[in-house]
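Please set out the charged contacts and the nonpolar surface of this model in a short report, with the cut-offs stated for each term.

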Amino acid sequence: MIFRYVRRHIPRAPVRSLLSLLLAAALIASLGQFVSVVRSNRALVGRMYDTVDVYASVINRSGAVSAAVPYAAIETLLEADFASSYYAESRGPLYWVTPSHEEVSTIYNFTDAEEFGRMTGVVYADGYDGSMFLESDEKVCVVSERALEETGLSLGDTIHISGASLGIRLDSRTSQAAREGVEFTIVGTFGGGLGTYDVATPFWTMKVARYTFYAGSYEGSGKARTVEFRIRNELLRDPAAYRDAPNEALYSSVDSDVNGLALRVLDSEVTNVIVPLDRNTNLLEMLLPMICAVVTVIGAAIPGLVIIQSAKEAAIMRVLGTPRGRVRAALTLEQTLLCAVGLAAGVAALAAAHGFGGEIMPYLAEILLCAAIYLAAAVAACFACSVSVSARKPLELLQTRE
Amino acid sequence: MAALTLENVTYTYRNSPRPAVADVSCEFEAGTLYAVIGPSGSGKSTLLSMLAGLDLPTSGDVLLGTEPIRSLDLDRYRRESVSMIFQAFQLFPLLTVTENVCYPMELVGKKPGEAVPRAKELLSEVGITEEEMRRFPANLSGGQQQRVAIARALASGAKIMLADEPTGNLDVENTVLVMEILKRLASEQGYCVIVVTHDSEVADAADVVFRMTDGRLTRVR
């Protein structure tokens, strides 16, 4: 009988029924849209943090760009573990030394051949490729094809490079190693871009160069002319981790060549774009539960008010002998049904507005949870109001006051 | 045996210094049209409320036959033993005339197939046409609505009818029509009809008249 009552009631009060339905639909669609905006913003912020490239370079603490960065500073910064990768290069003078021959050339040390770029047409021996410049810990090198032709050397042979020239008088400033030189194995050749007798080696061999070459030459004393660090993306949410920690590592070094340096981070995209978006999203996330609560209260209050307005009808039912429970059930069921249909329609409309696509589907579960909470609150409010209405004295409502 | 009996019935509202109904004792017999007249605030509505089982006396008893109604299921009492009609008719606005009259029958479990023919029969008896039976109450005159209300009151099968100012919103012609129906129900069909009114002309149509003054009931005629 209750279902028959509700089935008749809903279509015969079309304006009231439609308003109840549309209210629920509009509220849940709006709330759902807000949820999807907040969550997709959060996802976007996450993606931005994960994909943005932020680089840092080394400067003097005075603010001037450092022309040379000691290898020790690079090692210190790498130990601070803030970088996902780095590019560095240095160069220094060297001498190809053979018993009867010497050439003045330059040794290049770098971490990435492609990044270096000046070396062209590189051919590697089997088992070697461009990764040797960062990953190999062998004393290997790449020389020019012409140098091999002129010296008669080939891949796999070693070359002897030294900081000392046959024609230069060895003195106390020249290290033993500088006099004796270092053996490098040839594992590749380049076609052009550098001098005939220039040599390209992995970056770590710059350390070798520090002790190999003439101590007075800044370029030969183990300093990189270019160093750029790529900040680890997972640290970008914490400026202290990628700004303060590496700088602290530099400042606290006992090496005076190191503690006079600072790290300059080029993170304007993070500070000017991502961080403000992150803050706004934080605010929206804080507001979200409050907005959910407000929407739920409104959504529950309106059907409750409709039931309160049905007090007279409830009184008629009571006077005719309808049990209180049945009166409450009839009043509650009508509004609950309208609310449930409205919520379903609202969620469907929201999904349809997004073309049932990726923008809304990841958050559908959360939106449905909001709808479930809304419906539960509406049912509770309807029940509470129906209890209140059915508890009133029927004759007070039905008798005509004079 | 009386249809309804009041035994020393008193009703006092909470926080009220004096009773709205004070120590009323009387009997209402089947086959009789009763009128209870009195000014506003005399306790008529409270008396009616207790007769309908919507309120229970503070002291004393309302008896249905010999059974105190406080020991009965009052919802069932209102479904099967008493019915009510009101000054403002109080029909369900979103149910048709026929559905309004079917409601008390559906309440006791009758299927629509059984209830609808009986409803139409009752409506015909009170002068409602087939076409009017399909309308909603708002599309009927006051007199027609009150007759539908009477048909609804008869639909439950209850033999005690309580009427609260049933002619208050009617013109003279419809007042006469409604009172004739109520009189016929009492005299020809054995109903116990109790009409609460402040209209002395309505009271004139009754077999027995009580006057309610300051909560006390006295028989006038």
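## Arg76(B) and its partner

Arg76(B) has a relative accessibility of 47% and therefore counts as partly exposed, a class that lies between buried (under 20% relative accessible area) and exposed (over 50%), as computed with a 1.4 Å probe and with protein chains only. Its partner Glu80(B), at 38% relative accessibility, is likewise partly exposed. The two side chains form a salt bridge in which the closest N and O atoms are 3.1 Å apart, the term being used for a side-chain nitrogen of Lys or Arg within 4 Å of a carboxyl oxygen of Asp or Glu.

Both residues belong to helix H2 of chain B (residues 74-80), where they are four residues apart, about one turn of the helix; helices here are DSSP runs (H or I, at least four residues), numbered from the N terminus.

## Basis of the model

This is a predicted model, in which local features need pLDDT of at least 70 and side-chain atom pairs count only at pLDDT 80 or more, whereas totals for chains, interfaces and linings use all residues. Residues are numbered from 1 along each chain as its sequence is written, chains are lettered from A and ligands numbered from 1 in the order in which they are written, and side-chain values use heavy atoms, with hydrogens and water left out.

## Other salt bridges

Over all chains, the count comes to 22 salt bridges. One of them joins Glu121(B) to Arg118(B), with an N to O distance of 3.0 Å, and these residues lie three residues apart in helix H4 of chain B (residues 112-125), about one turn of the helix. Glu121(B) is partly exposed at 41% relative accessibility, and Arg118(B) is partly exposed at 32%.

In chain B, Asp61(B) and Arg70(B) also meet through their side chains in a salt bridge of 2.9 Å, N to O. Asp61(B) is partly exposed, with a relative accessible area of 22%, while the value for Arg70(B), also partly exposed, is 40%. A network of salt bridges links Arg4(A), Arg8(A) and Arg12(A) with Glu99(B) and Glu106(B).

## Nonpolar surface

Val294(A), Ile298(A), Ile302(A), Leu305(A) and Ile308(A) make a nonpolar surface patch of about 390 Å². Patches consist of residues with over 30% relative accessible area and no salt bridge, nonpolar side chains (Val, Leu, Ile, Met, Phe, Trp, Tyr) being joined within 5 Å and like charges within 9 Å; accessible areas come from the Shrake-Rupley method with a 1.4 Å probe, and for residues only the protein chains shown count as cover.

Within this patch, Ile308(A) is placed in helix H11 of chain A (residues 268-309), and at 41% relative accessibility Ile308(A) counts as partly exposed.

Key
Helix = DSSP H or I, 4+ residues; strand = E, 2+ residues; numbered from the N terminus.
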